[in-house]
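Me: I would like to work through this protein slowly, one question at a time. Please show me the sequence and the structure before we begin.

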Amino acid sequence: MEDLKNIVVLIDADNTQLTKLEDVIREVSTHGRVVVKRAYGNWKKEYLKKWEDELKRLAIKAEQQFDYVAGKNATDIALVIDAVNLLHKGLYDAFVIVASDSDYTPLAINLHESGVYVIGVGAKITPESFRNSCDEFVFLENISGEMQEQEMKSSSPKRDYLPERAQSKGAGDESIEEIHNLLQIASDKYQDDEGYVNVSSAGQFIKRAKPDFDVRTYGYIKLPGLLEAFPEKYEIKRYPGKGTVTIVAYKCIGNK
């Protein structure tokens with residue numbers, strides 16, 4: 001995916017964790033320039049009072065939304081209205097919805113159909129409908145402590161996995177077999193005359209097929225690390241690209 005130029009970040013404060021807020025902004029910023037940052041909530045509520053200092057520090061605009069009826073949350077409606085209004089300005093090429101609520105599925109579908117790139121950010125409990133309505137979905141659990149992970153990676157340049165998560169291949173997530181199947185499909189579709197497929201092309205295909213795919217879910221920093229953990233399934237080849245770029249490709253060698 002090319003760098004995005006004008007990103008909108010809309011945060012449902014009732015549906016995300018304050019402790020993850022800075023990590024979310026850093027994660028989104030890796031995609032491009034964030035130009036709109038708004039958080040929605042009824043800031044009079046006791047459990048949201050701690051948000052003020054963090055919103056100020058991160059320069060996130062706080063949008064107040066009162067609950068018009070007791071027991072009913074109007075925050076999501078306010079967020080949706082603002083998203084549609086911002087979309088109609090035609091200034092932004094990506095929208096990030098930070099929430100774990102399936103109620104945002106219709107909004108994500110509408111934004112996607114309008115031609116903008118849609119990123120969802122939420123906990124692993126987020127319903128599949130919302131995750132699949134986005135172009136990309138990032139789990140909050142994967143971006144927690146991102147700075148510590150980057151420091152670890154810098155100190156050990158040859159390490160391409162996260163040791164605290166990767167106690168075993170695909171630790172903690174049985175859906176690794178789904179990823180192997182998608183890697184096989186990518187190989188069948190994109191392989192060259194020698195049977196190799198560019199890892200970057202495979203990763204883009206998997207993301208389109210499974211928007212919530214994130215290699216960190218399985219304990220690795222990048223896709224090549226996952227591939228190298230299964231030498232019985234994949235053969236890896238590296239060769240120089242333009243400038244200092246190294247291209248990584250793989251060939252499926254295991255049972256299909």
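Me: Which strands and which helix do the buried residues of H3 pack against?
Reply: This is a predicted model, in which local features need pLDDT of at least 70, side-chain atom pairs count only at pLDDT 80 or more, and totals for chains, interfaces and linings use all residues. Residues are numbered from 1 along each chain as its sequence is written, and side-chain values use heavy atoms, with hydrogens and water left out. Helices (H or I, at least four residues) and strands (E, at least two) are DSSP runs, numbered from the N terminus, while contact means heavy atoms within 4.5 Å. On that basis, the buried residues of H3 pack against strands E1 (4-12), E2 (32-41), E3 (61-64) and E4 (94-98), and against helix H4 (105-113).

Me: How wide is the arc that the buried residues cover around the axis of H3?
Reply: Buried means under 20% relative accessible area, exposed over 50%, and partly exposed in between, with a 1.4 Å probe and protein chains only. The buried residues of H3 are Thr75, Asp76, Ala78, Leu79, Asp82, Ala83, Leu86 and Leu87. They lie on the same side of H3, because the arc, taken from the directions from the helix axis to the C-beta atoms, is only 165°.

Me: Which residues are exposed on the other side of H3?
Reply: Val84 also has its place in helix H3, but with a relative accessible area of 25% Val84 is partly exposed. The residues that are exposed on the other side of H3 are Ile77 and His88.

Me: What is the angle between the ring planes of Tyr234 and Tyr250?
Reply: Rings of Phe, Tyr and Trp (its six-membered ring) pair if their centres lie within 6.5 Å, and planes under 30 degrees apart count as stacked, over 60 as edge-to-face and the rest as tilted. Tyr234 is buried, with a relative accessible area of 5%, and Tyr250 is buried at 0%. The two rings form an edge-to-face pair, 5.7 Å centre to centre, and the angle between their planes is 90°.

Me: Over which ring does the charged end of Lys237 sit?
Reply: Lys237 stands opposite Ala249 in E9. A charge sits over a ring if NZ of Lys or CZ of Arg is within 6 Å of the ring centre and within 35 degrees of the ring normal. The charged end of Lys237 is 4.3 Å from the centre of the ring that it sits over, which is the ring of Tyr196.

Notes
Two strands pair if DSSP finds at least two bridges between them.
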